[in-house]
Amino acid sequence: MTARRQPQTYITYFLLTIFTLLAVLPFVGILLLSFKDTSELGNGAFALPQVWRWENYVEAWQGARFGDYFQNSVIVVIPAVLIALVLALMSGYAFGTMRFRGDNVLLLLILLGLMVPFEAVIIPLWQLLGTLHLRNTYWALILPQVALSFAFGTFWLRAHFKGIPADLIDAAVVDGCGSWGVLWRVLLPLSTPALLSLIVLLFMWTWNEFLLVLVMAGGDLRTLPVGLALLRGRYATNITVMAAGATMMSLPVIIIYVIFQRHFIRGLVSGALKA
Amino acid sequence: MAGEIQERGLAVRQPSSLSTRSQSLLARLSGETTLGRRPHARPYQAYLFILPGLLLYLVFVLIPIVNTFRYSFYEWTGFSEPTYIGLDNYTNLFRDKDFWTAISHNFFFVIFYTILPILLGLFLTSLLTRQRLRGMVFFRTGLFIPYVMSPVVVGIIWRWLFALDGPINHVLDAVGLSSVARPWLGDFTFAPYATGLVGTWIEYGLCMVIFIAGAQSINEELYDTAIVFGANAWQQFRYVTLPGLRQQILVAFVITFIAAMRLFDLIFVLTSGGGPGKTTLVTSVLLYTEAFNQNHAGYATSMAVVLTVIILVVSVVVTRLQARSEAEELV
């Protein structure tokens with residue numbers, strides 16, 4: 001019955017195609033632009049470059065300092081995601097499988113961090129990191145990010161661990177597993193999809209984080225989004241070099257997104273509230 | 001609340017589990033953990049597992065939140081000793097023209113960030129009542145791309161598309177509408193609409209994907225029943241699809257509404273922080289300028305408080321609506 005094709009179905013496919021193209025084509029445009037010469041700007045957004053100018057990328061990487069920004073982004077994102085992951089794994093495990101005094105209060109406190117916008121944190125945070133002499137260090141970009149990701153990750157993994165049958169844990173305890181053993185040998189192997197979703201979401205949020213870096217990092221510590229937004233001098237008006245920078249910055253996110261899109265979307269739909 | 005909505009979001013794919021989630025947040029958090037039978041951890045171990053993350057969270061999130069509220073009652077440059085001034089920041093805030101301009105722009109952008117994407121999503125969903133779609137993976141991947149990208153990159157792209165000698169004006173020239181062509185983002189009249197459209201472009205894919213997933217999981221028998229009772233396509237949509245999507249609409253509303261309230265990165269790049277003039281100025285940009293360029297840190301925290309309260313109130317109200325719609329389902 002559902003296999004019967006009605007005209008509506010074709011209209012739906014047609015509109016879906018239009019809307020999908022509308023979402024994707026601007027990125028194709030900027031990708032093509034990143035290989036063009038400024039003299040080709042009038043040729044139409046989707047005209048192929050006359051010559052594929054990789055020089056734009058060299059110029060962005062060296063001249064416009066995208067190499068430095070890229071390095072900063074990697075230095076910040078990898079530890080920020082890994083530390084948050086380990087901390088959230090531990091607390092999500094405790095909240096999801098153990099009962100203890102004050103668990104509700106603690107959970108509500110962590111929930112608060114998910115609901116409150118980052119704007120409500122940034123000003124005292126700036127002062128705090130100044131007092132700790134951490135402003136203009138990578139720590140100023142990593143630690144607050146870890147703290148926010150910890151809140152989200154705790155909720156995410158708590159929900160996941162709650163869904164794992166208690167019998168499994170009981171059996172492991174009978175077999176002589178301690179609490180670490182339960183987490184590492186029993187729960188972790190069952191958690192790959194939940195962990196992947198969490199990792200890709202945290203990666204995307206940390207990679208794209210703007211306000212925190214803008215406020216805390218001086219010129220040498222800027223990550224890609226802030227570096228791109230604050231391009232100065234002749235590069236600020238050179239749209240092809242900017243396009244190359246934008247493409248370089250987007251590439252890691254796009255690659256991870258396309259590989260893990262199933263995890264990405266599941267996580268985004270359920271977790272987008274945090275962003 | 002947010003957590004509840006998140007779990008609700010998780011349940012988007014499995015509506016059958018929705019009705020089992022009808023207890024209040026607290027009741028559910030206190031959870032009937034069956035795991036307690038043979039404790040695999042001593043009580044203190046739970047605290048040890050939570051402690052390291054909680055400490056970081058306390059220092060870098062919780063205490064700053066408390067301080068934001070506290071400083072909103074202080075005159076403070078960010079460098080000086082704060083002086084207590086009672087509600088002065090708030091009375092100044094409500095007299096501040098720029099603040100009203102900014103916050104009214106946030107609500108103006110709700111039309112583009114929230115209302116239009118939800119309507120577009122519903123329109124598309126209305127066409128596919130009970131049709132199984134193939135190839136959704138492909139569409140879904142594409143539709144989500146704008147949402148995944150950094151707003152900074154989105155800003156760079158649309159600044160190029162909207163530029164005086166940019167692709168949009170080229171197309172207008174080509175079809176003989178050169179009189180319409182203009183620097184869209186530099187135009188006092190059109191800049192807010194152009195900026196808003198970028199918002200719609202970011203969010204519509206999200207709404208479509210959420211709604212389509214929801215519509216595909218509506219029980220087919222409901223449509224059969226509706227047809228037996230002589231319902232036409234519109235009535236099927238109005239009385240079967242729309243109520244079936246209530247959860248998804250509320251989730252989409254909260255996500256996109258918060259995005260409209262928190263607009264920052266995109267404006268920072270797209271219109272260089274609110275231009276031309278102040279036609280696209282938004283609250284977060286004003287907050288940033290007051291705190292970090294004007295040294296009015298105390299004053300800026302009062303803006304952060306107002307923004308936070310708006311977001312919290314809307315999240316809580318919507319969560320209540322969700323709880324109510326679930327209660328109705330149970331009846």
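## Chain A and its contact with chain B

Of the 275 residues that make up chain A, 51% count as buried, a value that, like everything below, was computed from a predicted model. The chain is built from helices, since its secondary structure comes to 13 helices and zero strands, and its C-alpha atoms fill a box of roughly 70 × 70 × 35 Å along the principal axes. Among the contacts in chain A with a separation of 6 or more, 77% join residues that stand 24 or more positions apart in the sequence.

Chain A also meets chain B, with 90 residues of chain A in contact with 95 residues of chain B. On the chain B side, helix 3 (residues 43–71) supplies the largest share, 19 residues, and the residues of that side divide by type as the table shows.

| Type of residue on the side of chain B that touches chain A | Number |
|---|---|
| Nonpolar | 62 residues |
| Polar | 24 residues |
| Charged | nine residues |

The largest nonpolar core holds 183 residues, and those that touch the most other members are A:Ala84, A:Val146, A:Ala147, A:Phe150, B:Tyr57, B:Ile156 and B:Met208. Helix 3 (residues 66–97) of chain A gives the most to this core, namely 15 residues. In soluble globular proteins, nonpolar side chains tend to be buried together.

Which residues does A:Ala147 touch, if those up to four places away in sequence are not counted? A:Ala147 touches B:Leu56, B:Tyr57, B:Phe60 and B:Val61, and of these B:Tyr57 is, like A:Ala147, listed among the core residues that touch the most other members.

Definitions and conventions:
Residues are numbered from 1 along each chain as its sequence is written. Chains are lettered from A and ligands numbered from 1 in the order in which they are written. This is a predicted model: local features need pLDDT of at least 70, side-chain atom pairs count only at pLDDT 80 or more; totals for chains, interfaces and linings use all residues. Two residues are in contact if their C-beta atoms, placed from the backbone, lie within 7 Å. Helices (H or I, at least four residues) and strands (E, at least two) are DSSP runs, numbered from the N terminus. Ala, Val, Leu, Ile, Met, Phe, Trp, Tyr, Cys and Pro count as nonpolar, Asp, Glu, Lys and Arg as charged, and the others, Gly among them, as polar. A nonpolar core is a set of buried Ala, Val, Leu, Ile, Met, Phe, Trp, Tyr and Cys residues joined through C-beta atoms within 7 Å. A residue is buried if 20 or more other C-beta atoms lie within 10 Å of its own, exposed if 12 or fewer, and partly exposed in between; C-beta atoms are placed from the backbone.
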